[in-house]
Amino acid sequence: MSERRGRVEGKVAIVTGAGSTPGPGMATGRACAIVLAREGAQVLLADVDGARAEETREIIEGEGGQAAVFAGDMTKAADCAAMVAAAVDAFGTLDILVNNIGVSIAGNVVDTDEADWDRVLDLSLKTMFLASKNAVPVMAAKGAGAIVNIGSIAGSRGGNYVGYAAAKGGVNALTVDMAFSHGRQGIRVNAVAPGHITTPLLFSVLGVTPEADYRQRLAAAANLLGTAGDGWDVGWAATFLASDEARWITGAILPVDGGVMAVTPLMMAAGLRAEPPPA
Ligand SMILES: NC(=O)c1ccc[n+]([C@@H]2O[C@H](COP(=O)([O-])OP(=O)(O)OC[C@H]3O[C@@H](n4cnc5c(N)ncnc54)[C@H](O)[C@@H]3O)[C@@H](O)[C@H]2O)c1
């Protein structure tokens, strides 16, 4: 799916966390940036690790797309202001913001450290507030814009990741509140809520091991399609929501999860096998 079709032709986009955790597979932020570029956008690749964003730039330019790198920490207000200024400097305007940064740390409310809680909330929610705070005035001045927040099904379903769940529930609330406030300025705000997808992050935690393979097959068995999702699925969904094809969609939280959010666990257990399919 690397052909250019122009669904966001002429638009300028920022993707935060557009690099990738090292490892096999495709990260969601990198996928969003590559798909937006394939569809005609000029993309500012923002990442705290500039070398990771450079790798994404090389992929995009290798395919004939246009991208620039911004190295900065999106938990810092000044860096977010500089990021938006860099997009306008490089490409003349700003049409699309994909807020992709997020991190999860396992634990319940008792065993989660306060420092870990702060880190998860800062990275997974505050970055979206700060980036949007700086992007919205540019979009409002031209009367058009699209913001896509990368949430998670963890924002609506429990899983012993209390800080991450609170942050992603916050992403859902941020999305609808921003959609309310900025709709009349021509700005649409939507979220993609991925399920348990296969990304380099998974392999960075588990390694390329039988356990990682087992987790992937378990994730596939737990959804309605019985197949594994990956970063590209998020990139395609985010690009649709950012494009004019979604011109009448705002305040939506789109699950990209193989149907996990569509069933109750009881019906899943009763109707489908929960164990992974044979290798
Ligand atoms: N992998 C999954 O199963 C899954 C499921 C649901 C949701 N998600 C969501 O997908 C998003 C991220 O996925 P990914 O695959 O791109 O992750 P990733 O960790 O591979 O890439 C994230 C990038 O963000 C950068 N980053 C981290 N902190 C930063 C900061 N302070 N400022 C700027 N950049 C920073 C990192 O350097 C990295 O390159 C998150 O919002 C995550 O919650 C993932």
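These questions and answers look at a strand and a pair of helices in a predicted model.

Reader: Are the two faces of strand 4 buried or exposed?
Author: Strand 4 runs over residues 96-99, and its side chains point to two sides. On one side lie Ile96 and Val98, on the other Leu97 and Asn99, and each of these residues falls under 20% relative accessible area. Both faces of strand 4 are therefore covered, and the four residues are all buried.

Reader: Which residue stands opposite Val98 of strand 4?
Author: Strand 1, made of residues 12-16, pairs with strand 4 in the parallel sense, and three bridges join the two. Within this pairing, the residue opposite Val98 is Val15.

Reader: Which hand does the crossover from strand 4 to strand 5 have?
Author: Strand 5 covers residues 145-150 and pairs with strand 4 in the parallel sense over four bridges, with Leu97 standing opposite Ile147. Between these two strands the chain passes through helix 4, residues 114-142, in a β-α-β crossover that is right-handed.

Reader: How is helix 1 oriented to helix 8: roughly parallel, roughly perpendicular or oblique?
Author: The axes of helix 1 (residues 28-38) and helix 8 (residues 231-242) come within 8 Å of each other and cross at roughly 50°. Angles under 35 degrees would count as roughly parallel and those from 65 to 115 as roughly perpendicular, so helix 1 is, with respect to helix 8, oblique.

Reader: Which residues of helix 1 meet helix 8?
Author: Helix 1 passes helix 8 in a right-handed crossing. On the helix 8 side the contacts involve Gly231, Trp232, Val234, Gly235, Trp236, Ala238, Thr239 and Ala242. Those that meet them from helix 1 are Thr28, Ala31, Cys32, Ile34, Val35, Leu36 and Arg38.

Terms used: Residues numbered from 1 in each chain as written. Predicted model: local features only at pLDDT ≥ 70, side-chain atom pairs only at ≥ 80, totals over all residues. Heavy atoms only, no water. Buried < 20%, exposed > 50% of the residue type's maximum accessible area, 1.4 Å probe, protein only. Pairing = 2+ DSSP bridges. Right-handed = clockwise from strand over helix to strand, strands pointing away. Axes fitted to C-alpha atoms, helices over the stretch in contact; angles between N-to-C directions. Parallel < 35°, antiparallel > 145°, perpendicular 65-115°, else oblique. Left-handed = near helix turned anticlockwise from the far one by under 90°. Contact = heavy atoms within 4.5 Å.
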